[in-house]
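Biologist: Please take a close look at the sheet in chain B and at what surrounds it. Keep it brisk.

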Amino acid sequence: MSDASRRRLLKELNQLQTESPPGIIIDKNSPDSDLKQWRIGVVGAKGTLYEGEVFTLQFTFGSQYPFSSPEVMFVGDTIPAHPHIYSNGHICLSILADDWTPALSVQSVCLSILSMLSSAREKKHPMDDAIYVRTCSKNPSKTRWWFHDDKV
Amino acid sequence: MTDAENEIELQDQQFKQIENEQKMFPLVADRLPFDLVILDYDAETSPDYYNKAKELANTYGEIRQIRGDGNCFYRAVFVGILEVCMKNEEKAKQFLETCLGWNDRLLKLGFPDWTTNDFCEVFTDWFKKVVNKETTSEKIFDDLNDDSQSNYLIIFMRLITSGYLKEHSEDYAPFIDDGRSLADYCSTEIEAMWKDADHLGISGLVLATGYNIRIEYMDRTAAPNGGWHYDIPADCNETPEISLLYRPGHYDIIYHK
């Protein structure tokens with residue numbers, strides 16, 4: 001981790017711990033000392049299919065963060081069933097791949113994922129879940145995503 | 001593996017190879033004699049480029065090569081501005097004012113405040129040291145060649161380019177094809193790192209910084225007006241202080257004799 005990335009991550013962590021927006025829970029002990037990997041809880045918003053459900057996101061930062069996107073996936077026992085989330089936790093979201101810009105942050109990624117959950121009309125994994133989970137790389141950023149529909 | 005996966009794997013390897021080759025060059029090289037450009041071309045197999053390089057060598061004495069990583073235009077212009085500022089305190093102060101002013105201009109345009117403030121702060125703190133002579137030329141060029149430090153300098157150039165285009169959206173939006181909005185275009189082409197600058201990026205950066213540039217073309221067909229060089233903005237009265245050499249897909253800085 002470069003000094004510049006570390007400085008930025010510390011600043012983001014500090015901001016999230018002091019004023020985290022509704023629906024985002026940051027465990028004070030979560031990031032390891034080198035700040036490379038964080039776990040963040042997200043809570044399904046009121047009035048949505050996931051209301052009150054808590055899921056865990058894992059962020060892994062490379063040395064070029066925030067200029068390269070972090071690797072972000074759901075981990076733990078409960079992976080949300082959602083048309084853009086595979087049962088292994090991989091998320092098909094354009095800002096985590098081609099549409100990443102350094103103006104995004106951990107907080108804005110969490111908010112995008114929450115909004116993606118909120119707009120779901122049906123709790124189910126993508127149609128190609130079985131084959132994707134069997135054949136994909138462990139690292140979701142190695143996946144060449146095919147973005148069908150950003151509205152779901 | 002399927003054919004499609006094989007192809008992706010192969011493409012990945014090719015990208016990796018190109019990336020590794022590029023990483024052998026410094027981000028910002030030292031100033032070297034312009035004659036090096038002539039040596040890049042063979043008089044017999046590429047006489048046009050060879051002759052053009054010889055002709056340019058009458059006007060330009062030195063070249064500073066910039067790594068071809070998609071940031072070269074932004075990096076070349078920034079280093080050009082920096083060199084002007086290192087020699088001229090008045091201009092350095094003026095440029096600092098311009099940069100400080102951009103923080104509010106970006107926020108007014110709706111750039112996300114937290115990250116934007118952070119990028120502006122890192123950039124202006126770094127540049128203040130140049131203005132106040134609290135750093136050495138050696139340290140400045142070390143920083144320019146340090147990946148993570150220089151990323152922060154480049155992103156600032158990209159953000160103000162995007163900002164300028166958005167401030168003048170009615171002038172620029174008509175140039176964007178394939179039905180994208182100016183905001184979409186800016187976020188995927190300008191604000192994202194390692195994406196080459198096209199004519200909008202060029203115009204935006206020049207007008208956002210207030211530094212005119214001249215681009216010398218090795219190949220007339222690449223120049224927008226069919227000429228050998230192009231000043232930006234086109235109506236600037238004096239010869240710009242910063243000159244770049246354009247070879248297909250790439251910019252380096254060149255210096256008058």
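Modeller: Strand β5 (residues 242-247) of chain B runs parallel to β3(B), and five bridges join them. B:Arg214 has its bridge partner in β5(B), namely B:Ser243. This is a predicted model.

β3(B) also pairs with β4(B). That pairing is antiparallel and spans four bridges. Here B:Ile215 is matched with B:Tyr230 of β4(B). β3(B) is mostly covered, with four of its five residues buried.

Now the whole sheet. It is open, has six strands and mixed pairing, and follows the order β1-β2-β6-β5-β3-β4 in chain B. Its edges are β1 (28-33) and β4 (229-232) of chain B, each of which pairs on one side only. On average, neighbouring strands are turned by 30 degrees against each other, direction ignored. As background, strands of a sheet pair through backbone hydrogen bonds, either parallel or antiparallel.

Next, another pair in the sheet. Strand β2 (residues 60-66) and strand β6 (residues 250-256) of chain B run antiparallel, joined by four bridges. B:Arg64 finds its bridge partner in β6(B) at B:Ile253.

β2 and β3 (213-217) of chain B also help to cover a helix: along with α2 (35-39) of chain B, they are among what covers the buried residues of α3(B). Helix α3 (residues 47-59) of chain B has 13 residues. From first C-alpha to last it reaches 19 Å, close to the 18 Å expected at 1.5 Å a residue. Its buried residues include B:Lys52, B:Ala53 and B:Leu56. Seen down the axis of α3(B), the buried residues fall within an arc of 105 degrees, so they line one face of the helix. In general, an α-helix has 3.6 residues a turn, so residues three or four places apart point the same way. On the other side of α3(B), B:Pro47 and B:Asn58 are exposed.

Beyond the sheet, consider α6(B). It has 19 residues and reaches 26 Å from its first C-alpha to its last, close to the 27 Å expected at 1.5 Å a residue. Its buried residues are B:Thr115, B:Thr116, B:Asp118, B:Phe119, B:Cys120, B:Phe123 and B:Phe127. They pack against α5 (89-108) and α8 of chain B, together with α1 (3-18) of chain A. After α6(B) comes B:Lys133, with a positive phi near 55 degrees.

That packing leads to the chain contact. 17 residues of chain B are in contact with 15 residues of chain A. On the side of chain B that touches chain A, the elements giving two or more residues are α6 (113-131), α8 (147-167) and α10 (182-190) of chain B. α8(B) gives the most, with five residues. This side of chain B divides into eight nonpolar, seven polar and two charged residues.

One loop residue rounds this off. B:Ala197 is found between α10 and α11 (199-209) of chain B. B:Ala197 counts as buried because it has 23 C-beta neighbours inside 10 Å. Leaving aside residues up to four places away in sequence, B:Ala197 touches B:Phe73, B:Tyr74 and B:Ile202. B:Tyr74 is 123 residues from B:Ala197 in sequence, but 7.7 Å away in space, C-alpha to C-alpha.

Definitions and conventions. Residues numbered from 1 in each chain as written. Chains lettered and ligands numbered in written order. Predicted model: local features only at pLDDT ≥ 70, side-chain atom pairs only at ≥ 80, totals over all residues. Contact = placed C-beta atoms within 7 Å. Nonpolar A, V, L, I, M, F, W, Y, C, P; charged D, E, K, R; others polar. Pairing = 2+ DSSP bridges. Axes fitted to C-alpha atoms, helices over the stretch in contact; angles between N-to-C directions. Expected span 1.5 Å × (residues − 1). Buried ≥ 20, exposed ≤ 12 C-beta atoms within 10 Å, placed from the backbone. Arc of directions from axis to C-beta.
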